[in-house]
Amino acid sequence: MTHKGEHVGQKGPAGDHPTVSCGVSLGSGYGGSPWDIDVQQGDGALQFDGHSCVEAEAEDHLNPGYEFTLEAWVFPMVGGHGGFTDGRLVSKESAATGKGFFVALEGLKVHTSLYVGGSEHYRLSTSERKLAADTWTHVAVTYDGTKVRTYLNGRLDHTSEFKERKDVKSNTQKLRVGKGFRGVLDEGRMTSSAKSAKEVAAGMMCPMESDKVSMYFMFNDGAGDRLWDYSHHANHATMCSHKAEFVSSNAPSGVNVLDWAQTSVDGHGISGRIEVGSEYNFRVDLKDACGFDYAVLDSASVDIGLDN
């Protein structure tokens, strides 16, 4: 919140932060309100250079078991030698036992590896189509115990089917994001259910709120070494020793993109009037383009007291 150009209140998450008027008039003597809401738009993402990564501590809810969905917006970039850096988008795997899983880019195709043990060892699946370079693509991989399905931009690209229902074997390894990958990631999520095609398509732009969300990184943190996990587990991640870089994002997601049409003052729209000389408290409720509360870390609202 700013008053005549000076900060007097709290801000939202990191990213671009244009100052926009909240439209509250302080009386007819003013040509406009001197009160503004300084909004830091939640349009951040995380850029990896082929060496950087992010890691979260091993927790039981990150072992996918019989069902899961992994999804993110992915922006692959040309590598330093004119090619592309193949790498893990997300992984939780043991080098010693092979237990765990990963979803990676290999030759710009989405490659999934799940360790199920026994004589079968691994279940592998690769997308039919390649991702376009320097372009945002929504990638989703689901597993229901017998089928691995890969979706690109909400459409089913490939299904790998297996006879026996098996779970992905758990391990005690950290979950890592971006290991070996060169490009930008945004809106990384994991759920403990295999989403349907309809759910994948519907959740591309605006994810559904669910207690089945195991991990949710918006990558809007903007600075520092910690990345906020917006799932109810709050298993926040940290940068690896070689750090990824926070960047602005134009991924076509409505999450945490402020929508003034849904923002209100005391629930009565974005404009109002108070009398000069009176004491007045009003509440600005911020909403994003998905209709969710705008993700200010402590609150989705700003309470302001005026004493003129």
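Reader: In which strand of this model is the place of E187?
Author: The model is a predicted one. Within it, the range that holds E187 runs over residues 182-191, and this range is strand 17.

Reader: Is E187 buried or exposed?
Author: The backbone of E187 has a positive phi of about 55°, although the residue is not a glycine. Its relative accessible area is 3%. Because the limit for burial is under 20%, this value makes E187 buried.

Reader: Which loop holds F219, a residue other than glycine with a positive phi?
Author: Phi of F219 is near 65°. The residue is also buried, with a relative accessible area of 3%. Its place is the loop between strand 18 (213-217) and strand 19 (226-227).

Reader: How many helices and strands make up the secondary structure of the chain?
Author: The chain has 308 residues, of which 51% are buried. Its secondary structure comes to 1 helix and 25 strands.

Reader: What share of the contacts between residues at least 6 apart in sequence joins residues at least 24 apart?
Author: One example of residues distant in sequence is V78 with D134, which are 56 residues apart in the chain and 7.5 Å apart in space, C-alpha to C-alpha. V78 itself lies in the loop between strand 8 and strand 9 (87-93), and at 35% relative accessibility it is partly exposed. For the chain as a whole, the share of such contacts that join residues at least 24 apart is 65%.

Reader: How much of the area that the chain exposes do carbon and sulfur atoms supply?
Author: The exposed area of the chain is about 14,100 Å². Of this area, the part supplied by carbon and sulfur atoms is 47%.

Reader: Which residues form the disulfide, and how far apart are their sulfur atoms?
Author: The structure holds 1 disulfide. It is left-handed, with -105° about the S-S bond. The residues are C53 and C240, and their sulfur atoms are apart by 1.9 Å.

Reader: How many residues apart in the chain are C53 and C240?
Author: C53 lies in the loop between strand 6 (44-49) and strand 7 (54-56). C240 lies in the loop between strand 20 (237-239) and strand 21 (245-248). The pair thus links distant parts of the chain, with a separation in residues of 187.

Reader: Are C53 and C240 buried or exposed?
Author: The relative accessible area of C53 is 8%. That of C240 is 10%. Because burial requires under 20%, C53 is buried, and C240 is likewise buried.

Reader: Which residues touch the most other members of the largest nonpolar core?
Author: This core has 39 residues. Strand 8 (residues 68-76) gives the most to this core, with 4 residues. Another core, of 9 residues, lies apart from it and includes W73, W136, V184 and A251. In the largest core, the members that touch the most others are L46, V74 and L227.

Reader: With which residues is L227 in contact, leaving aside its neighbours within four places in sequence?
Author: Among the partners of L227 are L46, which is also one of the members that touch the most others in the largest nonpolar core, and F219, the buried residue in the loop after strand 18. The full list is L46, V54, F217, F219, D221, H236, A237, T238, M239 and F246.

Reader: Is the place of S214 in a strand or a loop, and which one?
Author: At 4% relative accessibility, S214 is buried. Leaving aside neighbours within four places in sequence, S214 is in contact with H61, L62, M190, T191, S192, D229, S231 and H233. Its place is in strand 18.

Reader: Is the aromatic pair of Y115 and Y122 stacked or edge-to-face?
Author: The structure has 8 aromatic pairs. In the pair of Y115 and Y122, the centres are 5.1 Å apart and the planes stand at 70°. Y115 is buried, with a relative accessible area of 12%, whereas Y122 is partly exposed at 40%. Because an angle over 60 degrees sets the class, the pair is edge-to-face.

Reader: Which residues do ring pairs link into a cluster?
Author: Ring pairs join one phenylalanine to others in a single cluster. Its members are F68, F101 and Y143.

Reader: Over which rings do R88 and R189 lie?
Author: R88 is 3.5 Å from the centre of the ring whose face it covers, and that ring belongs to F102. The charged end of R189 is 5.5 Å from the centre of its ring, which is that of Y216.

Note on methods:
Residues numbered from 1 in each chain as written. Predicted model: local features only at pLDDT ≥ 70, side-chain atom pairs only at ≥ 80, totals over all residues. Heavy atoms only, no water. Disulfide = S-S within 2.5 Å. Helix = DSSP H or I, 4+ residues; strand = E, 2+ residues; numbered from the N terminus. Buried < 20%, exposed > 50% of the residue type's maximum accessible area, 1.4 Å probe, protein only. Contact = heavy atoms within 4.5 Å. Areas by Shrake-Rupley, 256 points an atom, 1.4 Å probe, with all protein chains shown as cover. Phe/Tyr/Trp six-rings, centres within 6.5 Å; stacked < 30°, edge-to-face > 60°. Lys NZ or Arg CZ within 6 Å of the ring centre and 35° of its normal. Core = buried A, V, L, I, M, F, W, Y, C linked by side-chain atoms within 4.5 Å.
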